[in-house]
Amino acid sequence: MNQIVEGGWITVIGITVVFSILTILALILYAIGAFERGMTKKTEKAKEEVVEETKEVGKTEEIPPRDLAIITASILAYLAKKAEVLRPLPFKRKVSDSWRLYGLQSGMDEVENFNYEIRKW
């Protein structure tokens with residue numbers, strides 16, 4: 001009877017330890033989430049201030065059409081060259097399947113001969 005009581009106490013202590021650690025982890029994760037929410041609110045406020053400052057700066061200069069065409073052409077040429085480098089190589093087809101078929105046939109012959117040798121057919 002004493003062993004059953006001792007086992008019960010060990011079980012209660014173990015379950016208490018496990019759930020207390022889980023509670024501590026839950027509180028830590030909640031605190032981290034609250035900290036991240038606070039940080040994102042601060043960054044949103046900073047972004048709003050930057051947007052207000054850019055509105056105050058005013059009108060931006062437009063790029064002349066000729067320069068825009070040159071920039072676009074150079075970017076497209078770069079991307080085309082990069083795509084050629086990353087292009088996958090084509091696979092070469094096997095010349096013949098003769099060796100594979102010969103292997104299958106010889107394997108079947110061996111099984112057939114084995115069955116005849118032990119007189120099981």
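**Reading a predicted three-helix chain**

Guide: In this predicted model, confidence in the chain is lowest in helix α3 (residues 98-117), at a mean of 68, and highest in α1, at 85. These scores are pLDDT, the predictor's confidence in each residue, from 0 to 100, and local features need a pLDDT of at least 70, while side-chain atom pairs count only at 80 or more and totals for chains, interfaces and linings use all residues. Residues are numbered from 1 along each chain as its sequence is written, and side-chain values use heavy atoms, with hydrogens and water left out.

Visitor: What does the chain average in pLDDT?

Guide: Where pLDDT is low, the predicted coordinates should not be read in detail. The chain averages 78, and 66% of the residues score at least 70.

Visitor: How many helices and strands are in the chain?

Guide: Helices (H or I, at least four residues) and strands (E, at least two) are DSSP runs, numbered from the N terminus. The chain has three helices and zero strands, in the pattern α-α-α along the sequence.

Visitor: Does K45 count as buried or exposed?

Guide: Buried means under 20% relative accessible area, exposed over 50%, and partly exposed in between (1.4 Å probe, protein chains only). K45, which lies in helix α1 (residues 2-57), counts as exposed because its relative accessibility is 55%. Of the 121 residues of the chain, 1% count as buried.
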